Amino acid sequence: MSAKIITTLGPASGNPEVLQYFKEHSVEIARLNGSHGIIEEHIRMAKLAVYAGLDLMLDLPGPKIRLGEINDTSFSVKAGEKVIIENVKNTKKHNIIDKENNIKILPCQFSIEKSTKINDIVYIDDGKLQFRVLKVEANRIQAEALNSGLVKSHKGVNLPHGKIDIDFLTENDLRLIEKLLPIIKPKYVATSFVKTINDIHRLKKAIQDSLSNIKDYYPRIIVKIEMAEAIEPINITNLINECDMIMIARGDLALETTPVHIRVPFIQADLVQRCQKQNKPFIIATQILESMITCPVPTRAEVSDLYRAIVLDKANYIMLSSEAAVGQYPKECVTIMHDLIHYNKNNQLELNNSNKKLPSETVSKRSIKKIKTQNRLKLIKRKRL
Ligand SMILES: Nc1ncnc2c1ncn2[C@@H]1O[C@H](COP(=O)(O)OP(=O)(O)O)[C@@H](O)[C@H]1O
Ligand SMILES: C=C(OP(=O)(O)O)C(=O)O
């Protein structure tokens, strides 16, 4: 079976023309990321995706630390600039300047100060922005930007060296399970930041409660592997057993496991083997064609990553995130994936056919026989001498 594509829906892809193109180019599942957008917008995009013939996946945010809502949606920081990362309990938009100190504030949806110490690194937006902790205060930390970039609303915050205890099913997850799930009835529900099998039991119970009045429907559960605890031997075996599909969620995985960034390919190799052994379908996700968010062609490294996922790992699904949700080239990304999938399929066929037509094995067997006969003759000759 060849790989199929999952595309994350967002402003760049939530329209009939793009969705039709996706359907015609190996896309099978449309993913709604519950971390972004409002419920009404998800319902609108879900209807369009179903109309285009795609299956739906509702991806629940889980206990992921994220920035809050920022006024004007983004602002820039410069390398060396001091900022405050402050816990905000409400969902209102936040101004970004602390007038007293004339310093920029990054609103954060969880309080991270108890889990950080001086010199720890805070990663934001899949690590695109890095901050070093300078001072820990009540309800906030002071930090120094290690690189320049844009701070955007709702981007993820990772603290690989600090553990934060946030309950697995958040208010946001429960709201989506109660208000969105029964309306769109997605074929799949993906669950984020899972640690143990107990998390899955709790999720299934919450889904059952929300669907108590609906018969003949229950979603398939996708477990996103993105935390160090989840890949501990007992946990990972149980999680693979308990779910319908695994997602290797490489974005957070890269920052939740240490040494950061470099462990992902090793974990990917291990998870692929485990899923294949336990006969469980799996998705390889995140940054597969990241450069194509702003560029119409992929890098060689991205094509190699795609080759590994499709040809070597034989992933059941490969997933596009920002590339399809907010990128400039959603159709081009899908085309690259679709073309590689089909090139591989045709290439395999050609190889199989050429094996049948050109029995190179027979040729080489024949030559081996000839050499053996020649050797035997030489031996006999030598013995006679
Ligand atoms: N429904 C949406 N509305 C607006 N933007 C979205 C939506 N879904 C995704 N995005 C954007 O695409 C980015 C990448 O998607 P994804 O990888 O799923 O997000 P994240 O890593 O933040 O969970 C998000 O960070 C967000 O900026
Ligand atoms: C798919 C992932 O999760 P999300 O996009 O929800 O952060 C990931 O971290 O790789």
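Reader: What makes strand β3 (residues 55-60) count as mostly covered?

Author: Five of the six residues in β3 are buried. Buried means that 20 or more other C-beta atoms, placed from the backbone, lie within 10 Å of the residue's own; 12 or fewer make it exposed, and anything in between partly exposed. Before we go on, please keep in mind that this is a predicted model, where local features need pLDDT of at least 70, side-chain atom pairs count only at pLDDT 80 or more, and totals for chains, interfaces and linings use all residues. Residues are numbered from 1 along each chain as its sequence is written, while chains are lettered from A and ligands numbered from 1 in the order in which they are written.

Reader: Thanks! Why is F193 called buried or exposed?

Author: F193 has 22 other C-beta atoms within 10 Å, so it counts as buried. You will find F193 in the loop between β13 (188-191) and α5 (197-210). Its phi is positive, about 55°, although F193 is not a glycine.

Reader: And why does N119 count as buried or exposed?

Author: N119 is exposed because it has 9 other C-beta atoms within 10 Å. N119 sits in the loop between β7 (103-108) and β8 (121-124). Phi of N119 is near 80°, again a positive value in a residue other than glycine.

Reader: Which class does N198 fall into, and why?

Author: N198 has 12 C-beta neighbours inside 10 Å and therefore counts as exposed. N198 lies in helix α5, and its C-alpha atom is separated by 9.3 Å from that of L239, 41 residues apart along the chain.

Reader: How do you know how many helices and strands the protein chain has?

Author: They are DSSP runs, numbered from the N terminus: H or I over at least four residues for a helix, E over at least two for a strand. On that basis the chain has twelve helices and 17 strands.

Reader: What is the evidence on how strand β2 (residues 27-33) and β3 pair?

Author: Two strands pair if DSSP finds at least two bridges between them. Between β2 and β3 there are five bridges, in the parallel sense. In one of them, the partner of L32 is L58 in β3. On its other pairing, β3 joins β13 in the parallel sense over four bridges, with A190 in β13 as the bridge partner of D59.

Reader: What makes the unit of β2, helix α2 (residues 39-51) and β3 right- or left-handed?

Author: Point the strands away from you and follow the path from the first strand over the helix to the second: if the path runs clockwise, the crossover is right-handed. This β-α-β unit is right-handed.

Reader: How do you know which strands make up the closed barrel?

Author: Its eight strands run β1-β2-β3-β13-β14-β15-β16-β17, with parallel pairing. Neighbouring strands of this sheet are turned by 25° against each other on average, direction ignored. Strand β1 (residues 4-8) pairs with strand β17 (residues 317-320) in the parallel sense over four bridges; in β17, Y317 is the bridge partner of K4.

Reader: What makes β6 (97-98) and β12 (157-158) edge strands?

Author: Let's look at their sheet. Seven strands form an open sheet in the order β6-β7-β5-β10-β9-β8-β12, with mixed pairing. β6 and β12 each pair on one side only. Elsewhere in the sheet, strand β5 (residues 82-87) runs parallel to β7 and is joined to it by five bridges, with E86 opposite P107.

Reader: How do you know which residues surround ligand 1?

Author: A residue is near a molecule if its C-beta atom, placed from the backbone, lies within 6 Å of it. For ligand 1 there are 13 such residues, and the closest are G10, H36, G37, S321 and S322. The shell divides into three nonpolar, ten polar and no charged. Here Ala, Val, Leu, Ile, Met, Phe, Trp, Tyr, Cys and Pro count as nonpolar, Asp, Glu, Lys and Arg as charged, and the others, Gly among them, as polar.

Reader: How does the shell around ligand 2 divide?

Author: Around ligand 2 there are two nonpolar, seven polar and five charged residues. Of the 14 surrounding residues, the closest are A249, G251, D252, A285 and T286. Helix α7 (residues 250-256) gives the largest share, three residues.

Conventions
Axes are lines fitted to C-alpha atoms, for helices over the stretch in contact, and angles run from 0 to 180 degrees between N-to-C directions.
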